[in-house]
Amino acid sequence: MSTLPPCPKCQSEYTYEDGTQLICPECSHEWSASGDDTSGSDDKVIKDSVGNVLTDGDTITVIKDLKVKGSSLVVKVGTKVKNIRLCDGDHDIDCKIDGIGAMKLKSEFVRKV
């Protein structure tokens with residue numbers, strides 16, 4: 001019998017050890033073997049320029065003129081963007097701006113409406 005704890009996500013008993021991590025082969029969940037990571041949150045919290053937490057579907061406003069790379073277009077201050085999607089990477093907001101099209105924005109240049 002294994003003395004390893006079951007997976008905290010799916011309660012599978014088939015967990016295995018990989019260095020300092022425990023891994024569940026059924027749901028691919030990884031957690032610390034020391035038990036310090038009890039929060040279970042793998043999600044990164046994305047905040048706007050004033051500290052409001054952003055979520056998918058929010059409406060935001062641009063707080064600085066932003067040049068569009070590769071064209072002469074500029075996203076002006078006060079441009080309202082609806083229905084954003086959060087993504088990983090340096091530019092963490094994926095959106096569609098009227099008159100420009102699909103773009104990725106940095107959260108430090110927007111404010112939640």
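**Group meeting: an all-strand predicted model**

I begin with a single residue, D18, which counts as partly exposed because its relative accessibility is 48%, and the range for that class runs between 20% and 50%. D18 is found in strand β1. I should state at once that the structure before you is a predicted model. In that model, D18 and N83 are separated by 65 residues in sequence, and their C-alpha atoms lie 40 Å apart in space.

That distance leads to the overall dimensions. Along its principal axes, the C-alpha trace of the protein spans about 65 × 25 × 20 Å. The radius of gyration is 20 Å, whereas a compact globule of 113 residues would have a value near 13 Å. Of the 113 residues, 26% count as buried. The protein exposes about 7,900 Å², and carbon and sulfur atoms supply 47% of that area. As for contacts between residues at least 6 apart in sequence, 35% join residues at least 24 apart.

I turn now to secondary structure. The protein has zero helices and eleven strands, so that reading from the N terminus on, one meets β elements throughout. Three strands form an open sheet in the order β8-β9-β10, with antiparallel pairing. Its edge strands are β8, residues 85–86, and β10, each of which pairs on one side only. Between β8 and β9, the antiparallel pairing rests on two bridges. L86 has I93, in β9, as its bridge partner.

The loop between β8 and β9 contains H91. Is H91 buried, partly exposed or exposed? H91 is partly exposed, since its relative accessible area is 35% and the class lies between 20% and 50%. H91 and L105 are 14 residues apart in sequence, yet their C-alpha atoms are 5.1 Å apart in space. Beyond its neighbours within four places in sequence, H91 is in contact with K104, L105 and K106.

L105 brings us to the nonpolar core. As a general point, nonpolar side chains in soluble globular proteins tend to be buried together. Which residues touch the most other members of the largest nonpolar core here? Of its 15 residues, they are I60, V75, I93 and L105. The elements that give two or more residues to this core are β4 (60–62), β9 (93–97) and β10 (101–105). The largest share, three residues, comes from β9.

I60 deserves a closer look. Setting aside neighbours within four places in sequence, I60 is in contact with a list of residues that includes I93 and L105. Also among the contacts of I60 are L54, T79, K80, V81 and I84, together with V110, R111, K112 and V113.

Finally, I return to the N-terminal side. S12 lies in the segment before β1, which covers residues 16–18. S12 is buried because its relative accessible area is 5%, and the cut-off is under 20%. What does the side chain of S12 reach at 3.2 Å? The side chain of S12 reaches the backbone nitrogen of Y14 at that distance. A polar contact of 3.4 Å also joins the side chains of S12 and E26. Apart from neighbours within four places in sequence, S12 is in contact with P6, C7, C24 and E26.

To close, two residues may be set side by side: S12 is buried, whereas D18 is partly exposed.

Definitions and conventions
Residues numbered from 1 in each chain as written. Predicted model: local features only at pLDDT ≥ 70, side-chain atom pairs only at ≥ 80, totals over all residues. Heavy atoms only, no water. Core = buried A, V, L, I, M, F, W, Y, C linked by side-chain atoms within 4.5 Å. Buried < 20%, exposed > 50% of the residue type's maximum accessible area, 1.4 Å probe, protein only. Helix = DSSP H or I, 4+ residues; strand = E, 2+ residues; numbered from the N terminus. Contact = heavy atoms within 4.5 Å. Pairing = 2+ DSSP bridges. Rg over C-alpha atoms; globule rule 2.2 N^0.38 Å. Areas by Shrake-Rupley, 256 points an atom, 1.4 Å probe, with all protein chains shown as cover. Polar contact = N/O pair within 3.5 Å; in protein donor to acceptor, adjacent residues only side chain to side chain.
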